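The following paragraphs explain how the strands and helices of one model are arranged. Please keep the sequence and the structure open while reading.

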Amino acid sequence: MENKKITPNQRRGIDLVVKSLKKKYDFITGWDFNDNDLKYENTLFIALTIDSDKTSDYYGFRIRPTIKRFLDEKEDYWYGRGISNPTVYLDLPEGNDDGYQSKVRMNELANTLYKQIPEELQRKYISHTSTGEYEHIVTINIFEFIIY
């Protein structure tokens, strides 16, 4: 079985992509994953770390007061928690899906950028078909946001 650890060059490639994402989404502070996230050959699952106050400013909605208190007190349930999209803790009007739409756009942009970085910084996988073997660039999937 092949070594599924990420190499320093592959880590650098993701660093470059996230650095570019930060320019558009200034509330992103970094990224992370664990070795379990490498179990699929064709997808690299990452978590983006985000600043709660900057996210609130970016979307123009306040943080729900109870959650704001938990974040300020660094209460374990919210501080450092993984959430599905960057706006789940904001006081959004009913039906607002800005956070979900942003996540979709972030994934699209991350994958566009990832395809443009030098080959030695990309993670790849091999697919086997009846016509041969083919090398592909993995897909980046932002699976959660870690809120601080």
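**A sheet and two helices**

In this predicted model, strand E2 is largely enclosed by the rest of the structure, because 7 of its 8 residues are buried. Buried here stands for under 20% relative accessible area. The strand covers residues 43-50, and the description below starts from its place in the sheet.

The sheet is open and has 4 strands, in the order E1-E2-E6-E3, with mixed pairing. Strand E1 (28-32) and strand E3 (82-83) form its edges; each has a single partner strand, so one side of each is left without a neighbour in the sheet.

How do E1 and E2 run relative to each other, parallel or antiparallel? E1 and E2 run antiparallel and are joined by 4 bridges. Two residue pairs can be located in the model: Gly30 has Thr49 in E2 as its bridge partner, and Trp31 is partnered in E2 by Leu48. The pairing of E2 with E6 is in the parallel sense and extends over 8 bridges. Within it, Phe45 has Asn141 of E6 as its bridge partner.

Next come the helices. Helix H1 (residues 8-24) lies across E1, E2 and strand E6 (139-147), and its direction makes about 155 degrees with E1. Helix H4 (residues 98-116) packs on the sheet as well, where it touches E1, E2 and E6, and runs at about 135 degrees to E6.

The remaining step is the relation between the helices themselves. Two packed helices are described by the angle between their axes and by the distance between those axes. For H1 and H4, the axes come within 9 Å and cross at roughly 135 degrees. H1 is therefore oblique to H4, since an angle over 145 degrees would be needed to count as roughly antiparallel. The crossing in which H1 passes H4 is right-handed.

Which residues make this contact? From H1 come Gly13, Ile14, Val17, Ser20, Leu21 and Lys24, and they meet Met106, Leu109, Ala110, Leu113 and Tyr114 of H4. Sorted by class, the contact between H1 and H4 consists of 8 nonpolar, 2 polar and 1 charged residues.

Conventions. Residues are numbered from 1 along each chain as its sequence is written. This is a predicted model: local features need pLDDT of at least 70, side-chain atom pairs count only at pLDDT 80 or more; totals for chains, interfaces and linings use all residues. Side-chain values use heavy atoms; hydrogens and water are left out. Two strands pair if DSSP finds at least two bridges between them. Contact means heavy atoms within 4.5 Å. Axes are lines fitted to C-alpha atoms, for helices over the stretch in contact, and angles run from 0 to 180 degrees between N-to-C directions. Angles under 35 degrees count as roughly parallel, over 145 as roughly antiparallel, 65 to 115 as roughly perpendicular and the rest as oblique. A crossing is left-handed if the near helix is turned anticlockwise from the far one by less than a right angle, and right-handed if clockwise. Ala, Val, Leu, Ile, Met, Phe, Trp, Tyr, Cys and Pro count as nonpolar, Asp, Glu, Lys and Arg as charged, and the others, Gly among them, as polar. Buried means under 20% relative accessible area, exposed over 50%, partly exposed in between (1.4 Å probe, protein chains only).
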